[in-house]
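Open your viewer and get ready to click along. Each stop tells you what to select and what to look for there.

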2 protein chains.
Amino acid sequence: MFGTTQHASRQYDQDLEDIRSSVLRMGGLVEKQVRDAMLGIDTREDHIFEGVIRADQEVNAMEITMDAACVEVIARRQPAANDLRMILAVSKAITDLERIGDEASKIARCGRDISARSISVIPVLADLRLISERALLMLQAALDAFARLDVQAAAQVISQDDEIDARFRAIQRQLITHMMEDTRLIGTAIDVTFIAKSIERIGDHAKNIAEYVIYVVKGLDIRHSTRETVEQSLNS
Amino acid sequence: MFGTTQHASRQYDQDLEDIRSSVLRMGGLVEKQVRDAMLGIDTREDHIFEGVIRADQEVNAMEITMDAACVEVIARRQPAANDLRMILAVSKAITDLERIGDEASKIARCGRDISARSISVIPVLADLRLISERALLMLQAALDAFARLDVQAAAQVISQDDEIDARFRAIQRQLITHMMEDTRLIGTAIDVTFIAKSIERIGDHAKNIAEYVIYVVKGLDIRHSTRETVEQSLNS
């Protein structure tokens with residue numbers, strides 16, 4: 001009897017572990033999508049954009065499968081509050097990852113429009129590269145914090161979002177100047193604005209994932225808290 | 001004993017009902033936020049924008065309270081699969097509602113920027129009003145479908161999203177023309193672009209909420225399905 005219970009519990013631990021590790025797998029997929037979308041903009045190779053858009057189907061399917069897995073574990077295992085928080089956090093994290101996949105597809109679509117134009121100049125391209133690198137680092141750090149349930153690492157990810165937002169606003173201002181100086185750039189500049197907006201949102205989603213880590217570990221919902229409140233509660 | 005069980009079950013039903021009705025209450029709040037943000041753009045009264053941005057705190061607080069209520073009901077009641085789907089759908093719906101509140105705040109911030117400019121012309125204002133009315137109707141219909149668990153009504157909401165997307169793209173094209181014709185309009189036109197984008201996203205969130213209705217009732221995850229697949233499965 002003891003053996004059975006232990007076996008059942010080991011199986012349960014395995015279920016939870018599977019759910020958690022699939023977040024990382026899905027995270028790896030959308031990270032590649034974002035990276036490829038930006039690569040496409042650099043190299044102007046349309047087949048890269050098509051690959052990013054196609055990969056979205058796999059990400060979408062993964063969201064549905066993983067949500068079903070979460071429901072099944074809850075229904076079958078009736079988890080205690082802390083495990084339940086973990087499962088709900090997974091369920092929310094996969095929604096954010098799916099949205100990151102959507103943003104990567106949007107970047108790819110804008111990139112394709114830019115390539116199709118006769119004008120080859122892409123204004124603020126260097127800044128775009130930089131902000132996308134920052135957003136990707138945030139995403140990687142958020143996934144890493146999720147894997148290790150590392151509250152301090154998660155708090156650091158959250159604090160990085162302000163920098164991305166500031167960079168986004170700077171890019172927007174520069175684009176307006178470019179458009180005023182050369183109206184032929186307007187169409188491309190609008191596409192670049194949307195690309196920058198998508199990258200800024202990827203940062204938001206990474207921040208959300210980091211917030212779920214703190215929710216899981218501390219049983220604390222810190223969404224919408226000020227940085228001071230977050231720091232206080234983490235140190236308590 | 002029978003009496004006790006019935007009482008406990010009645011309390012449980014009440015808990016579920018409370019959770020579901022709070023979605024409608026939260027929906028009413030964000031609907032007002034969006035409506036006020038658009039009113040502010042029409043009337044150019046800054047205090048309306050401030051009200052929209054302030055209301056976001058209440059919406060954010062509601063998200064946290066309701067998520068905690070969902071976790072508590074699951075942990076305490078160990079719901080069967082169909083109730084569990086309802087609770088998870090609520091948990092996802094409130095995230096979408098909170099994001100609608102965010103978009104309303106973004107619209108208010110852009111509206112404030114437009115008001116602050118010396119240029120009083122707002123390009124494509126009539127189209128902006130129209131698309132926001134459509135998005136609000138979609139949101140109301142989605143909330144209504146959620147309240148009545150009406151699958152057919154939910155399917156209708158989902159089918160309306162394409163129209164909003166098409167209107168958004170038309171607005172975007174018009175704005176580019178305006179910017180090319182008069183570069184003094186560029187700053188305002190960029191703000192209007194972001195407002196239109198926010199409205200388009202409100203439509204996306206309404207669609208998500210409608211999809212959760214079908215998930216609850218049919219046990220079917222139709223996110224990312226084609227319209228044909230959706231119709232087939234609803235009729236089966």
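The tour goes from the contact between the chains to one helix and then to the symmetry.

This is a predicted model, in which local features need pLDDT of at least 70 and side-chain atom pairs count only at pLDDT 80 or more, while totals for chains, interfaces and linings use all residues. Residues are numbered from 1 along each chain as its sequence is written, with chains lettered from A and ligands numbered from 1 in the order in which they are written.

**Stop one: the contact.** Select the residues of chains A and B that touch, taking two residues as in contact if their C-beta atoms, placed from the backbone, lie within 7 Å. You should pick up 27 residues from chain A and 27 residues from chain B. On the chain A side, α2 (46–77), α3 (81–116), α5 (151–181) and α6 (186–218) each supply at least two residues; helices here are DSSP runs of H or I, at least four residues long, numbered from the N terminus. Highlight α2(A) next: with eight residues, α2(A) gives the most to this side.

**Stop two: α3(A).** Now select α3(A), where 27 of the 36 residues are buried, that is, have 20 or more other C-beta atoms within 10 Å of their own, with C-beta atoms placed from the backbone.

**Stop three: the axis.** Superpose chain A on chain B by least squares on the C-alpha atoms of residues with pLDDT of at least 70 in both. A turn of 180 degrees and a shift of 0.0 Å along the axis give an RMSD of 0.0 Å, and the two copies are thus related as by a two-fold rotation axis. To find that axis, select Gln78(A): in chain A, its C-alpha is the nearest, 3.0 Å away.

Methods:
A residue is buried if 20 or more other C-beta atoms lie within 10 Å of its own, exposed if 12 or fewer, and partly exposed in between; C-beta atoms are placed from the backbone.
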